[in-house]
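Let's take a walk through this fold together, starting from the whole chain and working down to single residues. Please keep the viewer open as you read.

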Amino acid sequence: MTPLKNVVTLITGTTVAQIIPFLISPILTRLYKPEEFGNFTLYMSFVSVFGVIATLRYDLAVVQPQDDADAKSIIILCLKINGVLTFLLLLGIALADLFYLYGITNIKIEWWTYFLPPTFMSLGIYNIFNYWLLRKKKYKEMSVSKVTQGASIFLMQVLLSSIKSNGLIIGQLFGYMLLALITTFQSKKTLTNWQGVTKRRIKKNAKDYKEMPLFSTGGALIDSLSQQLPNFVITKL
């Protein structure tokens, strides 16, 4: 494909994926109450904040090495980081819930916060393999995965409307998990030879691209937090 066709393919997929929520919003507003959208908006705000640090930004480095073995070692590094951070997030939520239950703190943990860890993991996996697809110039696959996610979220949110606010959040989580699954499956076709990936190489690349967690992560986190801050403040007030 020519560079122009690649750009058109990516833009088309992204545009269609963004149009779907706009078109389906009138349907969802008839199925869910405003307060149910409030929980969903708060959930999405947390997802936006935590999502940018799902791999400590090491996923950005997947496209940079000349050697595929280095890129694959970064993928392994990202998966390990994502797994550890997901566990820590789940542990933090569980402890906060336990502290509230025993009266140690007065901060109540909402039921939907337990959906954040699997969402966090799904976003991390998607970002990792999406950059691999970008490295391999699989633009069509990238577009298809985004459109499929948008359509699946709408379908699940409609089907789950009987359980109200849970339906909005569960439908969104389903979309993220499906997106992670699709990009993983698409990447398997070009991720065949792992012989050059060693612990030494993983450590080397972690050191070579250490500017990602040291400099990029903090800035991205603050930027995302500043955008979502109104939602947190309004909900609190």
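**A guided walk through the fold**

Let's begin with a residue in a loop, keeping in mind that this is a predicted model. V63 sits in the loop between α2 (34-51) and α3 (68-101). Its relative accessibility is 34%, so V63 counts as partly exposed, a class that lies between the 20% and 50% limits. Which residues does V63 touch, once its neighbours within four places in sequence are set aside? They are Y131, L134 and R135. If you would like a distance to check in the viewer, take the C-alpha atoms of V63 and Y126: these two residues are 63 apart along the chain, and their C-alpha atoms are separated by 14 Å.

Now zoom out to the whole chain. You will find eight helices and zero strands, so the order of elements from the N terminus reads α-α-α-α-α-α-α-α. The radius of gyration is 19 Å, close to the 18 Å that the globule rule gives for 237 residues, and the chain is therefore as compact as a globular protein of that length. Along its principal axes, the C-alpha trace spans about 50 × 45 × 30 Å. Contacts that reach far along the sequence are plentiful here: among those between residues at least 6 apart, 82% join residues at least 24 apart.

Next, look inside. Buried residues make up 40% of the 237 in the chain. In soluble globular proteins, nonpolar side chains tend to be buried together. In this model, the largest nonpolar core has 23 residues, and Y43, V47, W112 and L116 are those with the most contacts inside it. Helices α1 (3-31), α2, α3, α4 (116-135) and α6 (165-188) each supply at least two residues of this core, and α2 gives the most, with five. To see how one of these residues is placed, select L116: beyond its neighbours within four places in sequence, L116 is in contact with Y43, F46, V47, L89 and I93. There is also a second, separate core of 18 residues, which includes W132, V197, I202 and Y209.

A polar residue can be buried too. Q149 is found in helix α5 (residues 139-159), and its relative accessibility is 8%, so Q149 counts as buried because the cut-off is 20%. Not counting residues up to four places away in sequence, Q149 touches G175, Y176 and L179.

Finally, turn to the outside. The accessible surface of the chain comes to about 13,400 Å², of which 67% belongs to carbon and sulfur atoms. Which residues form a nonpolar patch on this surface? They are V84, F87, L88, L91, L95, L98, F99, L101, Y102 and I104, with about 1,000 Å² of accessible area together. V84 lies in helix α3 and is partly exposed, with a relative accessible area of 49%. F99 is found in helix α3 as well, and it is partly exposed at 35%. Setting aside residues up to four places away in sequence, F99 touches I104 and T105. For one last distance, the C-alpha atoms of F99 and I109, ten residues apart along the chain, are separated by 9.8 Å.

Notes: Residues numbered from 1 in each chain as written. Predicted model: local features only at pLDDT ≥ 70, side-chain atom pairs only at ≥ 80, totals over all residues. Heavy atoms only, no water. Helix = DSSP H or I, 4+ residues; strand = E, 2+ residues; numbered from the N terminus. Buried < 20%, exposed > 50% of the residue type's maximum accessible area, 1.4 Å probe, protein only. Contact = heavy atoms within 4.5 Å. Core = buried A, V, L, I, M, F, W, Y, C linked by side-chain atoms within 4.5 Å. Patch = residues over 30% accessible without salt bridge, like charges linked within 9 Å, V, L, I, M, F, W, Y side chains within 5 Å. Areas by Shrake-Rupley, 256 points an atom, 1.4 Å probe, with all protein chains shown as cover. Salt bridge = Lys/Arg side-chain N within 4 Å of Asp/Glu carboxyl O. Rg over C-alpha atoms; globule rule 2.2 N^0.38 Å.
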